[in-house]
Amino acid sequence: MHLLRADGTWRVVSGSAAPLPPKPGAPRRSIAIILDLTARRAAEEALARSEARYRGIFQKLNDQLLVAEAVRDGDGAVVDWIIRETNQASQRELGGDGPPLLGSRASERVPRYFERVHERWCHVLATGTPWAYEARSMGRDDLVRVFRLDDRTIISAALDVTGQKNAERTARILTARYERTATTVPGALCDYAERLDGSAVFTYLSPGCLELFERTADELIGNPDLLPQMIVPEDAARLGSPEARARREEAEYREEFRVRTPSGKEKWVEYTRRANLGSPPSGSGFLLDISARKQAEARIAEERERLEVTLRSIGDAVIATDEEGKVTLMNLVAEALTGWSADEARGRPVDEVFHILSESNREKAPNPVHRVLQDGKVVGLANHTALVARDGSERPIADSGAPIRDPSGRMIGTVLVFRDQTEERRAEAAILRSRRELLELVEKLPLGVFVTRDGVIVYANPTFAHYLGHDRAAALLGQPVSGLLEREETTPHGQRADFRGPARTEWRARTVRGQVVTLEGEGAREIDFEGTAATLWAVQDITELRAMHAQLMQADRLASVGTLAAGIAHEINNPLAYVIGSLDFMAETFAALERPLPSASLEEVAQALGEAREGAQRVKAVVRDLKTFSRADEERRSAVDLPRLLDSSVNMVSNELRHRARLEKAYAPTPPVVANEARLGQVFLNLVINAVQCLPEGRPEDERIRIVTGTDEQGRALVEIHDSGPGIPDEIRERIFDPFFTTKPIGVGTGLGLAICRNTVEALGGTISARPGHPRGTIFRVTLPAADSPLESRRPLPSAAPGTRGRVLVVDDEAAVGVALVRLLRKEHDVMATGRAHEALDRIRSGERWDVILCDLMMPEMTGMELYREVGRIAPEQAARMVFLTGGTFTQQARTFLQEVRNVRVEKPFDSEELRALIRRLRGATT
């Protein structure tokens, strides 16, 4: 109750009353006790207010607070926890949006949390030892501490340490980043502090100091004397100057100096540092090796000086301007041409110094500098522009202007380059006069001259046009040169002539009247004709010269044959002697066949037959070798078997050779060669004859002739003919290939043999030379270019196919040849012979067919060539089965025909076994 006191104040009191024991006769009494509760009530209200504030703070703290009371089983063991107090942060973390945690069991409301903390809470409750651990949840870091309140209660407080952890992580990242930077940057990071005596010491150095100074950080930190000792003395003196010390007082300081490392290297070092506020003074800096930069700067300075010297020394005039068109630089040539010195012109508008006008109208010409500044591109000066110097003199010039740009591409000026064209104009005028005079000379030359571009004629003089039968040279312009050549005309290497590059050779061309002329010419590479590259050719008509040359070759060939006549007669007469003798013996023997011959006589007949056949083969070989050197098909080129051709040459002189020397052969493989067999054979025959004739007779065991073949280092075919003769004197060795020069007596040599050899070999693109042998004698060396592509061979013959007898038709106007072929082939085939091509044609027209047709090439009435064409028209498959029999003498028409068709050719006299095998193979190809 409240009691109002006399002073007007209220007191909170409580009271109680009890009756007293009655006394007789006394009124009833009671006792009352009143207690002043004002102070107590005030304390209770203060406590309530304090508890309310505590609970408000408790609930609103970001830290998670939780009070839990232990639940024990009958044995006193803690089996669960009842949550007695929890604030809002703890409710959010553990209870989420569910009902309040107060009064609930931890195992039921927060089972996962219960499992994680139960044992440790029990330990805290039992021992009183607090438990602390770190946890992370809901994006925050917490430091959790658990304390015991009493023997039944514990309190868990999770303090938010996110900011602290973030700061620690940031510090670790920055530290790691700094350490990486300090380790990887080219140079060394440093911290320094100044001492009381004014010197400074490093308090930190990154690992880069080892590469920079060849000293570790431990050696340099705290040591104020080591680095100064490494500085080059003259730089140390400069750093110790009052000016340098004054600059070190500034907040930002930069210096460059040289140091010598312990290994003796001298390096340039750049030191940059920033001072920190505080006492004593300290700061951070950076040390960088700038040796490469210093070397580059030195090279740039040298290059700049060299360029300035070059600029002053070059023959062209140079003027540079800034972006406003004002002169900034002039070289000596520009000073001489403009009449302005560089100092006078510097800063002036370029129009004042470089004054130009048009030579055609005498008006002021546009200055290229302005166009360069406007368009930012290279600009050339118009033709016929004159420069007016300061003294009024004029000079024709050519120039161009270009922009000057900085590394970013911004135009910062222009450069104008020009030259005096006075002498150039004079030279051009002289060239024009010379060109006109030269053209007049070329037009009147008795030599054919023409110019080609990509094989097409772009110029021809009248002489060349006359060679080809044209009245005007203009008729040849625009024509390809290859179209003027005789069909299938090739170079000595077997390539189609195209007149596209330099060469020296000869060709056959056809005139407008259909005549064939021989031209010899030489081309020059890449002349300038009317401003573009072309090829100049100079040719002469050597048709008459070649005709005379052919006559001379024939004369030399006849001389060679005349020289060898005795040997050839010997080679033919010897086998003919026993051939005729053997045939006479057989005739007499067969005349006596009226009576039986004894076996001994039969054996002699067989032997005589064999000897006659062997002798006939020897005559055949001699005739074959002789034909090699007497064929008239001088222009025909084909694959040449060099060893066989050399053997033929040796065989022609074998009778004389055996009396003079021993023959040695050293044949190594040679590349394929394309040549005319008769011409090349005459070369080797002449060389072998010369070698034989230089040796004395009667001592073959003491002398030798050696023939070598192979491939030289350039891949060309090589033939060498060595002799052991007296050799050729040095004073005449260079003349032996001259026409009509000979050392032989009159009547023995014509003096044309070696000259013809040289012309023939060089026409094939080869070389021929003579050099002394060792220890004596002479070596003639011939090289021939290899064919540019694999040589074509005739169609290969297939293997024979077994079968029935074949049908063979023989067409030859020589009746004896037909009879011989019938006798030769009738054992294996059904053979019919006729002497008239018309009869054979009629039989094929009537439907008769033959497996093989053996046909003579040259016959009266109808030749084998004409028969082939007619048969090809009516029965092409029969034409393909024709085999041509030749005696070795051809017309030009026959040579052309044999080159065009691919049919097999057999030369007379033929070998019986080879002919039978040939027919078997041809039958196998058609069955």
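Colleague: In this predicted model, which residue stands opposite isoleucine 853?

Modeller: The numbering runs from 1 along each chain as its sequence is written, and side-chain values use heavy atoms, with hydrogens and water left out. The model is predicted, so to speak of local features takes pLDDT of at least 70, side-chain atom pairs count only at pLDDT 80 or more, and totals for chains, interfaces and linings use all residues. Look to β36 (strands are DSSP runs of E, at least two residues, numbered from the N terminus). The residue opposite isoleucine 853 is methionine 882.

Colleague: In what sense do β35 and β36 pair?

Modeller: Two strands pair if DSSP finds at least two bridges between them. Residues 852-856 and residues 882-886 have 4 bridges. The sense is parallel.

Colleague: Which helix packs on the sheet and makes about 170° with β36?

Modeller: Angles run from 0 to 180 degrees between N-to-C directions, with axes fitted to C-alpha atoms, for helices over the stretch in contact. Contact means heavy atoms within 4.5 Å. The helix (a DSSP run of H or I, at least four residues) touches β33, β35 and β36. It spans residues 864-874 and is α27.

Colleague: What is the strand order of the open sheet?

Modeller: The sheet has 5 strands with parallel pairing. Its edge strands, β34 (829-834) and β37 (905-907), each pair on one side only. Neighbouring strands are turned by 20° against each other on average, direction ignored. The order is β34-β33-β35-β36-β37.

Colleague: At what angle does α25 run to β34?

Modeller: Helix α25 covers residues 815-825. It lies across β33, β34, β35 and β36. The angle to β34 is about 175°.
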